[in-house]
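Subject: A structure for you to look at

Hi there,

Here is the structure I promised to pass on. Have it open while you read, and my notes on it follow just below.

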Amino acid sequence: MVKQITKMFAKVCVVILLTGAMCAAAYAADVEDSEAAAAAETEASPAVVAYTEISLFLNGDYVGEGMSINSVTYVPLLAFCESILGEDCISSWDAETDTCVINNDSIEITLTVFDNYLVANGRCVYLPDGALNINGTVMLPIRDIATVFSLEIAWDEASWTVSIDSSDMEILVSGDEFYNEEDLYWLSRVISSEAGNQPLEGKIGVGNVVINRLNDDSGIFSDSIKGVIFQEGQFDVVESGAIYLEPNEESVVAAKLCLEGVNTVGDSQYFFNPDVSGGGWIAKNKTYAVTIGNHAFYA
């Protein structure tokens, strides 16, 4: 439901009322086709989204309130960063792209509200529950922003509080240091050529297949990402030459997320498009895992 609110925010006019630190209610319309969606903007009755206020403590000190929606705790991105880094954080907002940038001397965070990832020092951090734009305040799941700073988060259900420990805080090393250049180069290209028109989760899934093969200890596959991709008879885009095309931006993001350890398809080592192929040997000999977009994945 949270993702639904996020993606439909611009269409159905989510309204949040602030009382004290924060109170929230949101409008959402359940539509099945484009005509119903258009009608929903003017005719549908709003549905109230349940929320719970969450008290936030940093190293034992109260620092503000968050909100829980469907068991996901959201915090204001800028206020959270200021609590962690101090008030020298500088922020900017691009209303045309719904993009927020926060930076200081040690970090730069860029988040476009309708994307399921943020970029911190050139590193991609996955946001499976998305972000919210509430009356101009960007809200992010606390577990995701905590990843950026390697923070320990403790939840107390009895008191509805979240305790944040920053004693061992480490800001993410830059993407230039973290990502292997050759691995990123080839992984982004196989993702783009195989799944460039698929949703982000599907792009990640194709990258997962490559990495799952790399990590397989049976000896069937190569011991490098490039080797896995170029193994004879495995990826049609190698034979067609599409592998050499420049990858689109989201495919590069997907490759980075895969290298960060994000996985959307479990142990899958194979995939195919059921609308194009029956799967042949894969469907007969491997275990179906999940379908994302146009691709069925098998382990």
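In strand 3, V72 is the bridge partner of I69. Strands here are DSSP runs of E with at least two residues, helices are DSSP runs of H or I with at least four residues, and both are numbered from the N terminus. Strand 2 and strand 3 pair in the antiparallel sense, over three bridges; two strands count as paired if DSSP finds at least two bridges between them.

Before you go further, please note that this is a predicted model, in which local features need pLDDT of at least 70 and side-chain atom pairs count only at pLDDT 80 or more, while totals for chains, interfaces and linings use all residues. Residues are numbered from 1 along each chain as its sequence is written, and side-chain values use heavy atoms, with hydrogens and water left out.

**The seven-stranded sheet**

Strand 2 and strand 3 belong to an open sheet of seven strands, in the order 9-10-3-2-1-12-11, with mixed pairing. Its edge strands are strand 9 and strand 11 (152-156), and each of these pairs on one side only. From one strand to the next, the twist averages 35°; angles like this are taken between N-to-C directions and run from 0 to 180 degrees, with axes fitted as lines to C-alpha atoms, for helices over the stretch in contact.

Helix 3 (residues 77-85) packs on this sheet, where it touches strand 1, strand 2, strand 3, strand 10 and strand 12 (161-165). Contact means heavy atoms within 4.5 Å. The direction of helix 3 makes about 75° with that of strand 3. Helix 4 (residues 142-149) packs on the sheet as well, touching strand 1, strand 3, strand 10, strand 11 and strand 12, and its direction makes about 85° with that of strand 10.

Now follow strand 1. Seven bridges pair strand 1 with strand 2 in the antiparallel sense, and F57 has Y62 in strand 2 as its bridge partner. With strand 12, strand 1 runs parallel, joined by four bridges; here L58 stands opposite I164.

The hairpin of strand 1 and strand 2 has two residues between the strands, and N59 takes a positive phi near 50° there. Is N59 buried, partly exposed or exposed? N59 is partly exposed, because its relative accessible area is 46%; buried means under 20%, exposed over 50% and partly exposed in between, using a 1.4 Å probe and protein chains only. Another asparagine, N70, in the loop between strand 2 and strand 3 (72-76), also has a positive phi near 50°.

S68 lies in strand 2. S68 is buried, since its relative accessible area is 9%. Leaving aside neighbours within four places in sequence, S68 is in contact with A50, Y51, T52, I54 and T73.

Strand 10 (residues 137-141) is worth a look too. Four of its five residues are buried, so strand 10 is largely enclosed by the rest of the structure. Three bridges join strand 10 to strand 3 in the antiparallel sense, with P76 opposite M139. Strand 9 (residues 132-134) also pairs with strand 10 over three bridges, again antiparallel, and L132 stands opposite M139.

**The five-stranded sheet**

There is also an open sheet of five strands in the order 4-5-6-7-8, with antiparallel pairing. Strand 4 (90-94) and strand 8 (123-126) are its edges, each pairing on one side only. Neighbouring strands in this sheet are turned by 20° against each other on average, direction ignored. Helix 10 (residues 249-259) packs on this sheet, touching strand 7 and strand 8, and its direction makes about 80° with that of strand 8.

**The cores**

Which residues touch the most other members of the largest nonpolar core? Of its 39 residues, they are L187, V190, L200, I204, V210 and L257. A nonpolar core is a set of buried Ala, Val, Leu, Ile, Met, Phe, Trp, Tyr and Cys residues joined through side-chain atoms within 4.5 Å. Elements giving two or more residues to this core include helix 6 (181-195), helix 7 (200-214) and helix 10. Not counting residues up to four places away in sequence, V210 touches L187, V190, I225, V228, I229 and F235. A second, separate core has 32 residues, among them I54, C89, I102 and L127.

Enjoy exploring!

Best wishes
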